[in-house]
Amino acid sequence: MKTIAVIGAGTMGNGIAHTFAQKGFTVKLIDVSEKALDKGMDTIASNLNRMLAKGTISQEDVATTITNIITYTDLKDGVVGADLVIEAATENVDLKLAIFKQLNESCSHNTILATNTSSISITQIGAVVAHPERVIGMHFMNPVPIMQLVEVIRGYNTSDEVTQIIMNLSEKLGKVPVEVNDYPGFVANRILMPMINEAVETLYNKVAGVHEIDTVMKLGMAHPMGPLQLADFIGLDVCLSILNVMHDGFKNPKYAPCPLLVNMVRAGKLGAKSGEGFYNYAESKKAEKVSAQFI
């Protein structure tokens with residue numbers, strides 16, 4: 001594999017593009033918005049410069065990584081010649097299905113099609129393309145350039161060959177791939193999201209405040225970040241979406257999102273990206289501090 005197309009220039013998409021480009025792959029970064037592409041490339045440059053300042057990469061590495069990325073606003077043009085396409089769009093099932101239908105029309109049947117979804121069924125996504133055995137999940141963790149784990153999710157029809165190719169590719173990126181099967185939330189979010197939801201319930205029931213809840217989990221459970229701060233970093237809308245997928249998939253009330261989480265998302269308090277969630281980032285600029293500690 002030499003050429004990777006990444007759909008979506010947001011947090012996960014630009015992180016995936018950065019990671020592949022830094023390892024010498026040609027990356028075609030695709031987004032419908034030129035503004036989103038510019039922002040994504042600015043983020044990649046900023047993160048590279050932060051790594052340069054820490055001495056983990058050289059100036060040559062920075063220049064080569066940026067040069068390895070080509071941007072596109074047209075999906076059909078962007079996926080031409082790609083050996084692997086990784087979809088990293090918003091966690092919305094209808095959007096993802098629409099993208100994969102386009103990929104089915106625009107890509108060779110030999111192209112492996114991956115999704116970075118954190119909860120949506122790989123089997124459902126694979127059902128809208130010819131040769132669903134080439135559809136697989138590559139769930140990277142945020143921030144992608146730093147976090148080692150990649151959940152490699154097999155859909156019902158995903159072939160052994162494609163799974164092994166993606167496992168090997170993940171290792172070439174310096175990641176640790178873990179193969180899992182296709183059930184709502186997979187492994188990471190099936191365990192993480194109920195914990196975050198319970199932390200929100202604990203706040204909602206006035207057992208303790210935000211800082212107190214996070215402090216207990218950091219100092220008592222050795223978590224590097226409290227669950228409410230982590231939810232802010234992930235995005236409260238993303239947490240809500242994943243919980244809804246799991247609740248619908250398992251039909252189990254234990255996955256029902258806390259009413260406080262639902263109301264915060266309705267109010268536009270989405271966490272670090274909106275400036276306010278459980279913490280106020282607009283005033284304290286904690287958003288930049290949170291990002292900086294990961295890179």
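## Close-up views of a predicted model

**View 1. Lys 251 counts as exposed, because its relative accessibility of 68% is over the 50% cut-off.** Like everything shown in these views, this residue belongs to a predicted model. Look for Lys 251 in the loop between H11 and H12, where it comes directly after the end of H11. Its backbone deserves a second glance: Lys 251 is not a glycine, yet its phi is positive, at about 55°. For context, most residues other than glycine have a negative phi.

**View 2. Helix H11 runs from residue 236 to residue 250.** How far does H11 reach from its first C-alpha to its last? The 15 residues of the helix cover 21 Å, close to the 21 Å expected at 1.5 Å a residue. Which residues of H11 are buried? They are Leu 236, Cys 239, Leu 240, Ser 241, Ile 242, Leu 243 and Met 246. As a reminder, an α-helix has 3.6 residues a turn, so residues three or four places apart point the same way. You can follow that spacing here by stepping from Leu 236 to Cys 239 or Leu 240, and from Leu 243 to Met 246. The packing partners of these buried residues are helix H8 (188-204), helix H10 (227-234) and helix H12 (259-266). One of the buried residues, Ile 242, returns in the next view as a contact of Ser 118.

**View 3. Ser 118 sits in a loop and touches residues from several parts of the chain, including Glu 91, His 139 and Ile 242.** The loop in question links strand S5 (112-115) to H6. Ser 118 counts as buried because its relative accessibility is 8%, under the 20% cut-off. Leaving aside residues up to four places away in sequence, its contacts also include Gly 185, Phe 186 and Asn 189. Arg 190 makes a useful landmark here: its C-alpha atom is separated from that of Ser 118 by 9.7 Å, while these positions lie 72 residues apart along the chain.

**View 4. Phe 186, a contact of Ser 118, has a positive phi.** Phe 186 is not a glycine, and its phi is about 55°. Is Phe 186 buried or exposed? With a relative accessible area of 4%, Phe 186 is buried. Its place is in the loop between strand S8 (176-181) and H8. Phe 186 and Lys 251 both have a positive phi of about 55°, but Phe 186 is buried, whereas Lys 251 is exposed.

**View 5. The peptide bond between Asn 142 and Pro 143 is cis.** Its omega is about 5°. For comparison, most peptide bonds are trans. Pro 143 belongs to the loop that runs between strand S6 (135-140) and strand S7 (149-154).

**View 6. Thr 19 of helix H1 is one of the residues lining the second largest pocket.** Helix H1 spans residues 11-22. Thr 19 counts as buried because its relative accessibility is 5%, under the 20% cut-off. Apart from residues up to four places away in sequence, Thr 19 touches Val 144, Pro 145, Leu 173 and Lys 175. Among these contacts, Pro 145, Leu 173 and Lys 175 also line the pocket. The pocket has a volume of about 150 Å³. H1 gives the largest share of its lining, three residues. Other lining residues include Met 51, Ile 146, Gln 148 and Gly 174. By class, four lining residues are nonpolar, five polar and two charged.

**View 7. The search of the whole structure finds one cavity of 30 Å³ or more.** About 50 Å³ of space lies inside the largest cavity. Which residues line it? The lining is made of Ile 122, Thr 123, Gly 126, Ala 127, Pro 132, Val 135, Gly 155, Tyr 156, Asn 157 and Thr 158. Helix H6 (residues 122-126) supplies the largest share, three residues. The lining divides into five nonpolar and five polar residues, with no charged ones.

**View 8. Two domain features come from unreviewed UniProt annotation.** UniProt lists "3-hydroxyacyl-CoA dehydrogenase NAD binding" for residues 3-182. That span is 43% helix and 22% strand, with its end C-alpha atoms 27 Å apart. UniProt places "3-hydroxyacyl-CoA dehydrogenase C-terminal" at residues 185-281. Here the chain is 63% helix and 0% strand, and the end C-alpha atoms are 28 Å apart.

Notes:
Residues are numbered from 1 along each chain as its sequence is written. This is a predicted model: local features need pLDDT of at least 70, side-chain atom pairs count only at pLDDT 80 or more; totals for chains, interfaces and linings use all residues. Side-chain values use heavy atoms; hydrogens and water are left out. Helices (H or I, at least four residues) and strands (E, at least two) are DSSP runs, numbered from the N terminus. Buried means under 20% relative accessible area, exposed over 50%, partly exposed in between (1.4 Å probe, protein chains only). Contact means heavy atoms within 4.5 Å. On a 1 Å grid over the protein atoms alone, a cavity is a set of points where a 1.4 Å probe fits but cannot get out, and a pocket is an open set with protein on both sides within 12 Å along at least five of seven lines; lining residues have an atom within 4 Å of a point. Grid points are joined across faces, edges and corners, and a volume is the space filled by probe spheres set on the points. Ala, Val, Leu, Ile, Met, Phe, Trp, Tyr, Cys and Pro count as nonpolar, Asp, Glu, Lys and Arg as charged, and the others, Gly among them, as polar. The expected span of a helix is 1.5 Å times one less than its number of residues. UniProt positions are given in the numbering used here, feature names are shortened, and annotations may be inferred rather than shown by experiment.
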